[in-house]
Amino acid sequence: MGKKLIFVAIALVVLLLVFFGERSATAVVDLPSAVTSLGHATPITAHVRDPRGIRRLQAFFEQGGARYQVFEMAQPSKSTDSNWNFTAGTKTTPQLQEGNAKLIVEATSTCFERLVAANAR
């Protein structure tokens, strides 16, 4: 009976370590080139790293309290380190007005639906 209890305790500790170790690794989204202004169609590159792969990548503009979707990739990718290219500007988002706007790029991990965002102002 004592050996079974010790085995169960060890197995529980190992499972907890694996569970919390998996949760501690987070996706990283980098915008390598600083986006300081947008034109009609400005190319954007988002570098995404996640050891579990990416389930979804989205990009939005926020301006004047409104949020406009610019890009979405909703196909799971097992790639752990990749670049995603998309075009943003008044051609893709005609609602944008002259003035400040925030570009938000969000990556959702394939594990636990974790969401990580990178912001550019």
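**Exercise 1. Find which residue F60 stands opposite in β4, and describe how β3 is placed.**

Step 1. The partner of F60 across the strand pair is Q69 in β4. Helices and strands here are DSSP runs, numbered from the N terminus (helices H or I with at least four residues, strands E with at least two).

Step 2. β3 and β4 run antiparallel and are joined by 7 bridges. Two strands count as paired if DSSP finds at least two bridges between them.

Step 3. The two strands form a hairpin with 2 residues between them, and G64 in this turn has a positive phi of about 60°.

Step 4. β3 also runs antiparallel to β6, with 8 bridges joining them. One of the facing pairs is Q58 with its bridge partner E106 in β6.

Step 5. Strand β3 (residues 54-63) is largely enclosed by the rest of the structure, because 7 of its 10 residues are buried. Buried means under 20% relative accessible area, exposed means over 50%, and partly exposed lies in between (1.4 Å probe, protein chains only).

A note on the model: it is predicted, so local features need pLDDT of at least 70 and side-chain atom pairs count only at pLDDT 80 or more, while totals for chains, interfaces and linings use all residues. Residues are numbered from 1 along each chain as its sequence is written, and side-chain values use heavy atoms, with hydrogens and water left out.

**Exercise 2. State in which order the strands of the open sheet with β1 stand, and how they are paired.**

Step 1. The order is β1-β2-β5, 3 strands with antiparallel pairing.

Step 2. β1 (28-30) and β5 (81-88) are the edge strands, each pairing on one side only.

Step 3. On average, neighbouring strands of this sheet are turned by 25° against each other, direction ignored. For such angles, axes are lines fitted to C-alpha atoms (for helices over the stretch in contact), and values run from 0 to 180 degrees between N-to-C directions.

Step 4. β1 is joined to β2 (residues 42-49) by 3 bridges. Within this pair, V29 has V48 as its bridge partner.

**Exercise 3. Work out which parts of the chain the salt bridges of D30 and R67 tie together.**

Step 1. The whole structure holds 5 salt bridges. A salt bridge is a side-chain nitrogen of Lys or Arg within 4 Å of a carboxyl oxygen of Asp or Glu.

Step 2. D30 pairs with R49, the closest N and O atoms being 2.8 Å apart. D30 is in strand β1 and R49 in strand β2, so the pair ties together parts that are 19 residues apart in sequence. D30 is partly exposed, at 30% relative accessible area, and R49 is partly exposed too, at 33%.

Step 3. R67 forms a salt bridge with E106, with 2.7 Å between the closest N and O atoms. This pair links distant parts of the chain, 39 residues apart: R67 lies in β4 (residues 66-73) and E106 in β6 (residues 102-109).

Step 4. R67 is partly exposed, with a relative accessible area of 41%, whereas E106 counts as buried at 13%.

Step 5. E62, R67 and E106 are linked in a network of salt bridges.

**Exercise 4. Describe the salt bridge between D50 and R52, and say whether its residues are buried or exposed.**

Step 1. The side chains of D50 and R52 meet at 3.3 Å, N to O.

Step 2. Both D50 and R52 are buried.
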